[in-house]
Amino acid sequence: MTPSLQPPTEPTETRGHNGHDGHDGHEHDGHEHGSPGQSAGDSPGQPGGHSGGHSSAGHAHGHSHGHGPAAPVSKHLRKVIAAVLIPFAAAVFVGMAVLWPGGAPDHERSGVGFDRQTQQGVVTSLEQVDCKSVNAAQVPTTAAPSTPSGRQAQAEQTGECKKATVEVTSGPDKGRTFVEIVQPGAPRQLEDGQEVVVAYAPDAPRDLQYSVIDVNRKLPMALLAGIFAVAVVVVGRMRGLFALIALVVSFGVLTLFILPAILQGSNPLVVAVIGASAIMLIALYMCHGLTARTSVAVLGTLVSLLLIGLLGSGFIDWAFLSGNTDDNTGLIHGLYPDIDMSGLLLAGVIIGSLGVLDDVTVTQTSAVWELRQADPSMGPRALYRAAIRIGRDHIASVVNTLVLAYAGAALPLLLLFSIANSSMGSVANSELVAEEIVRTLVGSIGLVASVPVTTALAALVVSADRPGSPAGVPATGPVRGRGRRRKR
């Protein structure tokens, strides 16, 4: 194990042999070397290290997510944690090697939805034309002008349309131009000089091979991503940088392993569990260091993911959720009929819950560590009771966050049901909404369960087998020494 990648805490001067902080009850031995029970990566002045020169107030008032130094644990306990996590990590990466797809399988383009050949283009000119002249071949609609379809048809016959000349700027037909007619009621209006995405249909007549299907948003999206990255690094510094690296690695696992492996026909549930476990191991250890505290968070996350997988599998089967509910999933099933769509739904539940689970388990583990350092006399039961009170507050906010995230994603669908004046029972019974309900509730149950599970694991680990470490010495009440205390 390498040292935890955290900035060292600022040391303070001590004058006595046994400098104590009379307020937080945290004891130091007053020497410059680390404690005998230091964990791997817990060197003096490093994250996870604990030297006599450190101010105890710096430990007692650390951030609740535990970005401060972790208390050392004994060598024996480190071996126990390693005996659990090393085989698990080895199994995960062996599973990735066995199921590694080597890329998505080839298929014939259907020309439907996202399964189209696309190129880049730019609008070179735009002129106003009479809609009647460009829509002369259309049969007039019989719909009443008071209806949306009637108003749109009337505008297409009597309104002003736009005639856009578009130049293809990529691919083998680079430089070729075509004409695109923009109706007055179209949701996407073009502008002169605007960059667009064009679809190519090789089997169509030459004049109809290209058509505009979207606008090019690469520049604003790249700028927004850059602002996000700068904000994370400026505020988080080195931790923010490692968080961004972990994010890139997570997307790499998703796009290079999980998605192609599912398309190759591997079981979506097995692929999701292996891929999510790899993301969890890489992201947590990269962001929080190779410490016992991070290892406990990994164990708590793993237990919660297993619970989510079992509950999700049972309720998806019981509710007869097929996972094939819209045009996109229908297209996937049509192109790759061997894919288990209900398994794909379950894989989405597991991956979607992972990010919030990481936050909960790291927070709870850090809370236990900080409580132990603030009061070394606390036993596992007292630590659990104190930390679970923090966890209850976290549960309330996290569950609300998860529910609102899924509701926001399904807002257009819920709006359609509201327009149709459907009852809550019929809305919840429809497969589209039932999928979101199962996804939300199963993920929330896993989040709720992760709090007591992780808190109990952390309380047991931080209280057990700590001979010779300063945090293992019971507090005997405030002892006033001559050490200088850091101002609060």
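Let me start with a definition, since I will lean on it all the way through: a residue is buried when its relative accessible area is under 20%, exposed when it is over 50%, and partly exposed in between. Take L263 as a trial case: its relative accessible area is 27%, so L263 is partly exposed. One more thing before we go on, everyone: what you see above is a predicted model.

Let's stay with L263 for a moment. This leucine is found in helix α5. Which residue sits 8.6 Å from L263, C-alpha to C-alpha, while being 162 residues away in sequence? That partner is P101.

While we are in helix α5, which covers residues 218-263, there are other things to point at. L241 is in this helix too, and with a relative accessible area of 36% it counts as partly exposed. L241 also belongs to a nonpolar patch on the surface, together with V233, M238 and I245. Those four residues have about 310 Å² of accessible area together.

Then there is R237, also in α5. R237 is not a glycine, and still its phi is positive, about 55°. Is R237 buried or exposed? Its relative accessibility is 65%, so R237 counts as exposed.

R237 has a counterpart in F320, another non-glycine residue with a positive phi of about 55°. F320 follows helix α7 and lies in the loop between α7 and α8, the latter being residues 327-335. With a relative accessible area of 71%, F320 is exposed.

That brings us to α7 itself, residues 292-318. Here is a little check you can do on paper. At 1.5 Å a residue, the 27 residues of α7 should span 39 Å, and the end C-alpha atoms are indeed 39 Å apart, so the two values agree.

Now for the cysteines, which I suspect some of you were waiting for. How many disulfides does the count give? The count comes to one disulfide. The partners are C131 and C161, with their sulfur atoms 1.9 Å apart. C131 is in helix α3, residues 131-134, while C161 is in strand β2, residues 160-168, so to speak a link between distant parts of the chain, 30 residues apart. The torsion about the S-S bond is about 110°, so this disulfide is right-handed. Both ends are tucked away from the surface in the sense I defined: C131 is buried at a relative accessible area of 0%, and C161 is buried at 0% as well. Another cysteine, C287, is buried too, with a relative accessible area of 16%.

On to charges. A search of the whole structure finds four salt bridges, and I will show you some of them.

One of them joins R217 and D214, whose closest N and O atoms are 2.9 Å apart. R217 is partly exposed, at 43% relative accessibility, and D214 is partly exposed as well, at 26%.

Another pairs E370 with R293, at 3.8 Å from N to O. This pair links distant parts of the chain, with E370 in helix α9 (residues 341-374) and R293 in helix α7, 77 residues apart. Are these two side chains on the buried or the exposed end of our scale? E370 is buried, with a relative accessible area of 9%, and R293 is buried, with 6%.

A further one is the pair E436 and R439, at 3.4 Å from N to O. Both are in helix α13, residues 431-463, and because they are three residues apart there, about one helical turn separates them. R439 is buried, at a relative accessible area of 15%.

Last stop, the inside of the protein. The largest nonpolar core has 61 residues. Those with the most contacts inside this core are F257, M280, L281, V298, L305, V368 and W369. Which elements give two or more residues to the core? They are α2 (75-99), α5, α6 (268-288), α7, α9, α10 (380-409) and α13. The largest share, eleven residues, comes from α9.

So if you have the structure open, have a look at helix α9: there you will find E370 of the α7 salt bridge, and the element with the largest share of the core. Thanks, everyone!

Terms used: Residues are numbered from 1 along each chain as its sequence is written. This is a predicted model: local features need pLDDT of at least 70, side-chain atom pairs count only at pLDDT 80 or more; totals for chains, interfaces and linings use all residues. Side-chain values use heavy atoms; hydrogens and water are left out. Patches are made of residues with over 30% relative accessible area and no salt bridge: like charges are joined within 9 Å, nonpolar side chains (Val, Leu, Ile, Met, Phe, Trp, Tyr) within 5 Å. Accessible areas come from the Shrake-Rupley method with a 1.4 Å probe; for residues, only the protein chains shown count as cover. A salt bridge is a side-chain nitrogen of Lys or Arg within 4 Å of a carboxyl oxygen of Asp or Glu. Helices (H or I, at least four residues) and strands (E, at least two) are DSSP runs, numbered from the N terminus. Buried means under 20% relative accessible area, exposed over 50%, partly exposed in between (1.4 Å probe, protein chains only). The expected span of a helix is 1.5 Å times one less than its number of residues. A disulfide is a pair of cysteine sulfur atoms within 2.5 Å. A nonpolar core is a set of buried Ala, Val, Leu, Ile, Met, Phe, Trp, Tyr and Cys residues joined through side-chain atoms within 4.5 Å.
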